[in-house]
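Please open the model in a viewer and keep the sequence panel at hand. The tour below proceeds from selection to selection.

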Amino acid sequence: MATAPETLLAGADQDDGLIARPPSRARVTLRRFAAHRTALAGLIVVALLFVLAFAGPHLTRWSYSDIDYTALRSAPSSRHWWGTNRIGQDVFAQTVHGLQKSLIIGLLVGVAATGGAAVVGACAGYFGGWTDRLLTFTTDLLLIFPSFLVISVVSPRLKGGGWLVFALLLAFFAWMVTARVVRSMAISLREREFVRAARYMGVGPLRIIARHIVPNVASFLIIDATIAVGSAVMSETALSYFGFGVQSPDVSLGTLIADGTGAAVTYPWMFFFAAGLLVVFVLAVNLVGDGLRDAIDPTSRPGRRRGRGAAK
Amino acid sequence: MNATTAGAVLDIRGLHVDFAGVPAVRGVDLALRRGEVLGLVGESGSGKSVTALAAMGLLPSGADVRGSVTLDGTELMGAGDTALSAVRGNRIAMVFQDPLSAFTPVYRIGDQIVEALRTHQDISRERAAERAVELLDLVGIPEPRIRAAAFPHEFSGGMRQRAMIAMAVANDPDVILADEPTTALDVTVQAQVLDVLRTAQRETGAALLLVSHDLGVIAGTADRVAVMYAGRIVETAPVDELFARPRMPYTLGLIGAVPRLDADAKGRPEPLVPIPGAPPAPAALPPGCAFAPRCPLAEDRCRVAQPELVEVALPEPAVAVRPEPAVAADEPHLAACLRAGEVAGLRPLDVFPVPGADVAAERAADGRPEGTSVLRVSGLAKTFPLLKGAVFRRRVGSVHAVDGVDLDIRAGEVLGLVGESGSGKSTTLFEILELRRPERGSVEVLGRGTDTLTRREAHALRAQVQIVFQDPMASLDPRLPVGDIIAEPLRAQRAERDRIARRVPELLRQVGLDPAHADRFPHEFSGGQRQRIGIARALAVDPRLLVLDEPVSALDVSVQAGILNLLLRLRAELGLSYLFVSHDLSVVRHIADRVSVMYLGRTVETGAVGEVFTRPLHPYTQALLSAVPLPDPVRERARARILLPGDPPSPTRRLRGCPFRSRCQVFAALPGPQRERCTDQAPPLAEQGGDHVAACHFPAARPVL
Amino acid sequence: MLAYLARRLGYYVVLLLVAVCLSYALAATALQPRAYFEARQPPPRPAAVQAQLSALGIDDHTPLYDRFGHWAAHAVRGDLGRTIDDTSVNDEFGRRVGVSLRLLIVGTAAGTVAGILAGAWTAVRQYRLSDRLVTLTSFLLLSTPVFLLAVLLKIGAIRLNQALGTDFIQFTGEKTPGLQGGWTAHAKDRAVHLLLPSLSIGLITLATYSRYQRSTMLDVLGSDYLRTARAKGLTRRKALLRHGLRTALIPMSTFFSYNFLAVFTGAIFTEAIFGWHGMGEWLVASIGKDDVNSVVAVSTFAAVVVLLSGFVADLLHAALDPRVRHS
Ligand code: SF4
Ligand code: SF4
């Protein structure tokens, strides 16, 4: 019966009367998120970048592979908005195309990795025993296994639609830490009374996982997926930078940065547009993730740390 | 008013606390005199802990605090951190509710006490360490020298709370503020801790502010009581006066809602009075008396202005009938109620209507029903491996969580299962509910032994046995609407869609909820309502037996009463049987027909409630009963308490002989040769007349109430 | 306690062995040293290629388990085989391992300490201007991939050098080749070379740790025991330092091993960009050359380093938390 201030703020929740209907959870989350100004700004930036990535290619008459022999290494102008590179390709067209590829890969990896982590973590945590041991061992193994090695060996050998396989490989090496967290959450959920209640009522284990465990870690998963998108973009660009990721003629922010690095001091437009967009995108995604964390998880709020320690 | 303030060590005047503009405390005046114990009672959310924290200046920075707090005439309000730090722990000390989280986990207990000493006294580390050991000894911690080097997690809850008290009295404070110091503890440990607290208070001569929601604890400890409701003090009086003649309907309701152990021995206890409604949300207080929406005596004028806390002029006849005892002039009886004069002398039942009170009363007084057996458990045992290591776990021993439990419930019967935490109550429940062959012993549900059940049969049997959990928030999936939650057992039993659609509103109505609320989520309901939802879910598949695991212990008393009455009504209407697990003997006394007492995984005494509670035979049952505080100061003070020493031994070792002997007061008094029986032979459950059984070599009735 | 650590260690060894076997299998099947030789100018005779491949033990016509058996038999005796250029892997390993460790240890250590302090400080000053500034900076750093940060630092250094007209900041390699001068000159030279690579590793570590430390510290700020500490008369400052910071460090120890993983991958890029001849640069180069034995050697090294950091994290956890030690 902690008469902690938060109990008071939360209104009378230990009574036997009807309390006024509080706003729904989604509404509360939305309101709190909107109150988070940096997060809202992040969201807007992410949206704008998506617009840029998908509308951008239609705005310019240059395609990312067109070569303008009359303009090599030309500075930004009305003809080439963001200038051209050393072989005369339009930097704007290239950058928006690269951005598009990086965003698609990031999204794909974020969603796939988080989904995989949810399944593995929830099963390991809920079933325990040998299932748990096996899955945990696999998780640990993949954690120490140099993912860099696999990706860099495999992906340069892929041609054409190789970026898809590359993205799946990235996802394959990106789920482990999340899975561990989900596992420990599932372990504590397994002992929670509502899960026990379901078990004693004869609800089957898979149904319990789908209906009770996963929805209850969903808020964590949403946050994590957001952040995973950001880190996936970082991994993608890093590998592409070294030629182990997206292969030419395809471009991504990573390959563009790699091409521009040498000229960064002398012809900054070849480098800074791609680099800037990369940082801005990841930053915006991280801010959104942080805002979501605050909005979804009431315990992450200052001054609302401890829940009600009701008479236990 | 000034009269009370004279001679006060700690004087709180006009205290207001707001959190983000929402009032939590609204004008509290409290004066604490040297050597006095002032009890501060109220339901959760009434502002009592906030008041105590405000006096210490320890509220989070978001709190807006106004008013005055003076210590021996020195104003503390608005003082700087350095100035307040010099007072905290030195002149005002605090004992917190949850002793596990209240100690820093990474430092040794002794060192934390040393720190408290050296912060205020200029003494050497060695001297302080010596003193810390003395303090631990004072609060009754065995082997204090060794224990001082232990970390908080190595202490049991009771020991931690004692260490907390030792730390609080380290610097001979003038004032001790104890915030729900026994709430998380077992009754036997609660009795020990209250005893230590009283001793500490006597030794230091400090004034003690005891904050509690438990009227029983207050009755036995406090000299004066203040009752808080919605951030204000609504009644204050000397303890005897308050319990004998409460003048505020709310206090009356609180007293009437407490289940009592000492209900008259022959018949059933009086029905409990639930206080209807809920405390107002702090953000939306009604204009007049804050209690008006729940008060059966409310009149129009109550809703106009907030009643002042004033001395009550009693109408003449009342005084004539019940002459006032000699009350010192400086201890007035104040109440914030316009009709206080009329309330004095009324009984809770006179004011608060109890729906279905008659149901509760009309139960078979004696003899067991001739019904069929619903549950029969004999010799049940369950051991858990004691594991070590994080990855390659290896077994280093066994925890004998349940080690010989016998239960027997007939149709329509309520069996109360009591014991301290760690006695194996919950494990027993879960073993029964697993519906599989137990490790040892046998479980029969509705005449079917669980060892021979096929999967399909077990699934069908699950519909007959349903469970209600302790924490109504934890047992309802926060992500599902209430309708789905209630439908879950029906779906698990593959009921048709339209049957489910019909059943859900019916169930909601049955437990006193509005069927229109089926699409709401659990967090939109209050604690008591959530527990009603839990009960509705359990009833969904028409079970024969409900297993209730501490169903009311997470609820406030006023709410608890409503749930208990509901359970009694349902049982009468539906002919249910209950296995009611509780650590609270007074609740069991109120609801159960028969009671079974567990200690260290074994059944030590079983019998009809009336019989066991009036004529307990096992020394453990006697100690348990004796530890339960009575919400009646006069009787409470007159009682001789059996204080059990220490904590139950660890269930990792199976002792030869009687497992209770390390704490048994009878054993301690036995002459040598007779002791051998206790040390050598485990006492079997033996009949002691009728169906009253007890597992003790020397059973004898001893008065405990 | 010791038994616990021993068991942890045992588990790590099993993990390591499996990881090494898998790395070998992958490197030996996916890399094509035959193609590497065949692509040489002038094209060597097939027989010569074959001979060279079998001599190095990387002949793809030999069954995988035979090759592995051969390699493993040497490896357990501490011989990691020959590189594709027929030099000793062990020698190369010895030359490079120190380079990588110097970089990793300096960067992580500095970043960790600074990050923890920054995190604790911002938690206490939550929502003040200083907190917001530090938070924004760490977010910015966290949003910059290591390779980009390294490139940016390099560009910044070039600009700075141009502006100052000196070669004040050296960033290529570990030391200036053929530097004259005494011991102090050498030390200074090395320190200057270490600056940018360590910064790129350290800054990211700093940003990560400060975020985590800030949130664990915020957890602690609302804790009951901090209130107890203040109730016994410690000032806010003292209570925070003695009771808050110490406890908030505990969850950081588990985090240590995860973070090291990221740092290690980051170091690969850092080395390659700053021209440090460390393990990361070796890995990149040997993948390019289809050098099976070298790739396996670096992978083994990576796994060992990560597991060691996990073990250190376990030790730290035990040292910080008596609840682990006394159970
Ligand atoms: S003032 Fe009126 S509403 Fe308030 S307690 Fe008294 S009678 Fe009830
Ligand atoms: S058997 Fe002996 S030790 Fe056990 S309860 Fe009876 S008297 Fe006490």
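Begin by selecting residues 10-255 of chain B in this predicted model. This span is 41% helix and 27% strand, and its end C-alpha atoms are 28 Å apart. The unreviewed UniProt entry annotates residues 10-255 of chain B, together with residues 375-625, as "domain: ABC transporter".

Extend the selection to the whole of chain B, which contains 28 helices and 24 strands. Its radius of gyration is 26 Å, close to the 27 Å given by the globule rule for 705 residues, so chain B is as compact as a globular protein of that length. Along the principal axes, the C-alpha atoms of chain B occupy a box of roughly 75 × 65 × 55 Å. Of the 705 residues in chain B, 60% are buried. Among contacts in chain B with a separation of 6 or more, 69% are between residues 24 or more positions apart.

Next, display the surface of chain B. About 25900 Å² is exposed, and carbon and sulfur atoms supply 52% of that area. Colouring by charge will pick out 80 positive and 85 negative side chains in chain B. The centres of these two sets lie 6 Å apart.

Before leaving chain B, centre on E143(B), in the loop between helix 6 (125-138) and helix 7 (144-147). Is E143(B) buried or exposed? With a relative accessibility of 51%, above the 50% cut-off, E143(B) counts as exposed. Its backbone also deserves inspection: E143(B) is not a glycine, yet has a positive phi of about 45°. Most residues other than glycine have a negative phi.

Now move to chain A. For this chain, the unreviewed UniProt entry lists "transmembrane region" at residues 34-55, 103-127, 134-155, 161-182, 213-234 and 269-288. Select residues 213-234 of chain A: the span is 100% helix and 0% strand, with 31 Å between its end C-alpha atoms. Residues 269-288 of chain A are likewise 100% helix and 0% strand, and here the end C-alpha atoms are 28 Å apart.

Return to helix 10 (residues 205-241) of chain A and pick S219(A). The relative accessible area of S219(A) is 18%, which is under the 20% cut-off, so this residue is buried. A C-alpha to C-alpha distance drawn from S219(A) to S63(A) gives 40 Å, for a pair 156 residues apart in sequence.

Chain C is the next selection. In the unreviewed UniProt entry, "transmembrane region" is placed at residues 12-31, 103-121, 133-153, 255-276 and 296-320 of chain C. Residues 12-31 of chain C are 95% helix and 0% strand, and their end C-alpha atoms lie 27 Å apart. For residues 296-320 of chain C, the figures are 100% helix, 0% strand and an end C-alpha separation of 36 Å.

Within chain C, go to R230(C) in helix 9 (residues 224-231). Which residues does R230(C) touch, not counting those up to four places away in sequence? They are L58(B), D81(B) and R88(B) in chain B, and R236(C) and A239(C) in chain C. R230(C) counts as buried, at 18% relative accessibility.

Finish at D290(C), in the loop between helix 12 (279-288) and helix 13 (292-320) of chain C. D290(C) has a positive phi of about 55° although it is not a glycine. At 10% relative accessibility, D290(C) counts as buried, whereas E143(B) counts as exposed.

Conventions:
Residues numbered from 1 in each chain as written. Chains lettered and ligands numbered in written order. Predicted model: local features only at pLDDT ≥ 70, side-chain atom pairs only at ≥ 80, totals over all residues. Heavy atoms only, no water. Helix = DSSP H or I, 4+ residues; strand = E, 2+ residues; numbered from the N terminus. Rg over C-alpha atoms; globule rule 2.2 N^0.38 Å. Buried < 20%, exposed > 50% of the residue type's maximum accessible area, 1.4 Å probe, protein only. Contact = heavy atoms within 4.5 Å. Areas by Shrake-Rupley, 256 points an atom, 1.4 Å probe, with all protein chains shown as cover. Lys, Arg positive; Asp, Glu negative; His and termini not counted. Charge placed at Lys NZ, Arg CZ, Asp CG, Glu CD. UniProt positions renumbered as here; feature names shortened; annotations may be inferred.
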